[in-house]
Amino acid sequence: MAATPTGNRRTRVHVVSDVHGNARDLASAGEGADALICLGDLVLFLDYADHTRGIFPDLFGVENADLIVELRTARRFEEARELGARLWAGVGSDRARVIEKAVRRQYAEMFAAFPTPTYATYGNVDMPPLWPEYAGPGTTVLDGERVEIGGWTFGFVGGGLRTPMRTPYEISDEEYAAKIEAVGEVDVLCTHIPPEVPELVYDTVARRFERGSKALLAAIRRTRPRYSLFGHVHQPLVRRMRIGATECVNVGHFAGSGKPWALEW
């Protein structure tokens, strides 16, 4: 990482989201930057591009991973839930312990890869109660909060909205809107999910609309931040577009590309 910015020197931050187990590239994601920003989804439950990777295939095999991806992609969510229920029934009462143990292994590797300083918020597949155990002194976790970096104010809102997928950190529209409101006016609004705009929430590979936030969209129009940065949608129809005065950028390609998005001012 570069030194803390001083005087009139320009500031550079690198931004990543949807890391999904890519600790190798995460370890170098902050090189040449004054800070790293991570917008969540550190955990890899199931890689839709490579069904051999993640907690799900480790527990239940690649054939079942193939099948559940096929069902979810076809929006046959009820059948996917039934398949998952049958598989987890074999684990019995140890389900929560098994999941937590697997997530802890991933978190130990991910948080160890964060450079100093890192500013991070949760994704919808993350487990926030575990983060305090792994976030070192160089990592600041923010959710509904603000921080100043290089003279600009950055606001952070983590998590996702409720969906049929029932991922670990999905919250109500009202709770999410309250966190957006708490952040207020900022230069850069950092969230895990995108604003509710069709071009930004449609995943071209999964062939479905993910959930974006109407409260986030309203805040962008009302407060006019310089940038709105987000991830969540891995293969969006559009990766970048303007909403009024705000440049909206999807940075949620890190797991596949291994490359952070850079912001300099």
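**Note on the mixed sheet and the cavity**

1. Strands E13 and E14 form an antiparallel pair, joined by 4 bridges. The model is predicted, and the points below should be read that way. Across this pair, Arg242 faces Glu247 of E14. The hairpin of E13 and E14 has 2 residues between the strands, and Gly244 there adopts a positive phi near 60°.

2. The pair belongs to a wider sheet. That sheet is open and has 6 strands, ordered E5-E6-E9-E12-E14-E13, with mixed pairing. Strands E5 (145–149) and E13 (240–243) are the edges; each has a single partner strand, so one side of each lacks a neighbour in the sheet. From one strand to the next, the twist averages 20°. As background, strands of a sheet pair through backbone hydrogen bonds, in either the parallel or the antiparallel sense.

3. On its other side in the order, E14 follows E12. E12 and E14 run parallel and share 4 bridges. Ser228 has Cys248 of E14 as its bridge partner.

4. How much of strand E14 is buried? For E14 (residues 246–250), 5 of the 5 residues are buried, so the strand is largely enclosed by the rest of the structure. In a regular strand, side chains alternate between the two faces of the sheet. Both faces of E14 are covered. Thr246, Cys248 and Asn250 are buried on one side, and Glu247 and Val249 are buried on the other. Two of these residues have appeared above: Glu247 stands opposite Arg242, and Cys248 is bridged to Ser228.

5. Strand E12 (residues 227–230) also pairs with strand E9 (residues 188–191), in the parallel sense and over 3 bridges. Here Cys190 sits opposite Leu229 of E12.

6. Which helix lies across E5, E6 and E9? Helix H7 (residues 173–183) does, and its direction is at about 170° to strand E6 (152–157).

7. Now the internal space. The structure holds 1 cavity of 30 Å³ or more. The volume of the largest cavity is about 40 Å³. Its lining consists of Ile180, Gly184, Leu189, Ala219, Arg222 and Thr223. By class, that lining has 3 nonpolar, 2 polar and 1 charged residues.

8. Which element gives the most to the lining of the largest cavity? Helix H9 (residues 214–223) does, with 3 residues. Elsewhere in the lining, Ile180 falls within the span of helix H7 (residues 173–183), and Leu189 falls within that of strand E9 (residues 188–191).

Notes. Residues numbered from 1 in each chain as written. Predicted model: local features only at pLDDT ≥ 70, side-chain atom pairs only at ≥ 80, totals over all residues. Heavy atoms only, no water. Pairing = 2+ DSSP bridges. Axes fitted to C-alpha atoms, helices over the stretch in contact; angles between N-to-C directions. Contact = heavy atoms within 4.5 Å. Buried < 20%, exposed > 50% of the residue type's maximum accessible area, 1.4 Å probe, protein only. 1 Å grid on protein atoms, 1.4 Å probe; cavity = no way out; pocket = protein on both sides within 12 Å on 5 of 7 lines; lining within 4 Å. Points joined across faces, edges and corners; volume = space filled by probe spheres on them. Nonpolar A, V, L, I, M, F, W, Y, C, P; charged D, E, K, R; others polar.
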